[in-house]
Amino acid sequence: DRRSLEAGEQVRMKKRVQSSGSIQALGIFILNSWKRYYPLGTAWLLVALFLPLVPSHGCNEGECGEMKRRQQGILTGMPFMAHVSSRAFVDDAGRRIYLAKPPARIVSLAPSITEMLFALGLDEQVVGVTEFCDYPAAAKSKATVGYSNPNVEALVALQPDLVLAPKDFLRPDLQTMLEQLKIPLFVLEAHTLEDIPLQIHTLGKLFERGPAANEVTQAMRQRIADIRHKTEALPRKRVLYVLNSHPLITVGPSSFIHQMIGLAGGINIAAQADVAYPRLSMETVLKEDPEVLIFPSGDVETVPRSEQQQWRRWDSLSAVKQHRFHEVSSNLLNRPGPRIVDGLEQLARAIHPDIFGSGAGNPRP
């Protein structure tokens, strides 16, 4: 009879609604579980698979209209989809990653990266560093995972949400391992001085520390501009940067320090070399006649004082005649982080002491 038909129809409608809700719930569960690790295209594929299964009949005009609007919202970008797409980042190796939210647990695989993270106020989020991450002092209290050959087990045990690594020391097997474990990896590589503020801005976006990144980079750029302003009108001094004396190894035009010598008001006598760290003969050095000899000094990279003194036997060099032997911090010059400006100032003081006064970069005895 009519009442039985109506009752049967109500039961069928209830089952369809329950089925629709179950399908939507399943789809949302899978998306929320996978969106952290998989590219945006995968999420769209899942939406395309589940959306046709949602019944569009058996609802009144208002319900159908609301369902239609929700479906259109999925196809044009649901709120969480917009959030993921706005947090898509491309690293210096050209790799794209998606982060639904700022990582809460970070492992840094370079001292320069560690210094950038601390400068952005991410002390608590850094859970692992390298054995050479010694600045600021608080970095030395963090768990260590090695350096160019990091301990994968120690790294994974820290349960990082993100690993930040320099391109130069990133091993392919480590990259593959992190991909298999679904641990996001972000690669940084600085070729020029200007790359460093850009990297800090990128980290500011990654961790939603934009104001802090702006403050750090503005201070860096202002100091760089001040140093350039002081040196640009001065006579350029010929400089030899001695990484090693036996054999004689220096820095070439494709090296980071070569650019800094120029900004500090010097001329690198190895500017014609075709490699980043060329070997020079003493005949070439005597011909170029450097006016300033600069030696790195630090815990990792240093030229001992005894080795520096051996250069005094080349008494025809202008640098020897004028006693222009200087040391600069290798940690400051070799780490492309916030303190690189301190290294630049040390170079400028060594090359033009009359302008910058006493302090870092004074001649060695």
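Here is a walk through this predicted model, from a sheet to the cores and then to one buried threonine.

Let's start with the sheet. Five strands make it up, and they line up in the order S5-S4-S3-S6-S7. The pairing is parallel, and the sheet is open. That leaves two edge strands, S5 (143-144) and S7 (185-188), each of which pairs on one side only.

Now step inward to strand S3, residues 106-108. Three bridges tie S3 to strand S6 (residues 162-166), and the two run parallel. If you want a spot to find by eye, look at Val107, which stands opposite Val163 in S6.

On we go from S6 to S7. These two strands also run parallel, and four bridges join them. One pair to look for is Leu164 with its bridge partner in S7, Phe186. To get from S6 to S7, the chain passes through helix H7 (residues 172-180), and this β-α-β crossover is right-handed.

Strand S7 deserves a pause. Which of its residues sit on which side? Leu185 and Val187 are on one side, while Phe186 and Leu188 are on the other. In a regular strand, side chains alternate between the two faces of the sheet. Here both faces of S7 are covered, with all four of those residues buried. So S7 may be an edge strand, pairing on one side only, but its two faces are covered.

Next, the nonpolar cores. The largest has 52 residues, and those with the most contacts inside it are Leu117, Leu164, Leu203, Phe207, Tyr241 and Ile294. You've met Leu164 already, as the bridge partner of Phe186. Helix H15 (residues 340-351) supplies the largest share of this core, seven residues. There is also a second, separate core of 16 residues, which includes Leu240, Met282, Phe295 and Ala319.

Zoom in on Ile294 for a moment. Setting aside neighbours within four places in sequence, Ile294 is in contact with Val239, Leu240, Tyr241 and Val242, with His326 and Val328, and with Leu347, Ala350 and Ile351. Tyr241 is another of the residues with the most contacts inside the largest core, while Leu240 belongs to the second one.

Last stop: Thr217, in helix H9 (residues 210-231). Is Thr217 buried or exposed? Its relative accessible area is 0%, so Thr217 counts as buried. What does its side chain touch in the way of polar partners? The side chain of Thr217 makes a polar contact with the side chain of His201, at 3.0 Å. Beyond neighbours within four places in sequence, Thr217 is in contact with Pro197, Ile200 and that same His201.

Methods: Residues are numbered from 1 along each chain as its sequence is written. This is a predicted model: local features need pLDDT of at least 70, side-chain atom pairs count only at pLDDT 80 or more; totals for chains, interfaces and linings use all residues. Side-chain values use heavy atoms; hydrogens and water are left out. Two strands pair if DSSP finds at least two bridges between them. Buried means under 20% relative accessible area, exposed over 50%, partly exposed in between (1.4 Å probe, protein chains only). A polar contact is a pair of N or O atoms within 3.5 Å; within protein, one must be able to donate a hydrogen and the other to accept it, and residues adjacent in sequence count only if both atoms are side-chain atoms. Contact means heavy atoms within 4.5 Å. A nonpolar core is a set of buried Ala, Val, Leu, Ile, Met, Phe, Trp, Tyr and Cys residues joined through side-chain atoms within 4.5 Å. A crossover is right-handed if, with the strands pointing away from the viewer, the path from the first strand over the helix to the second runs clockwise.
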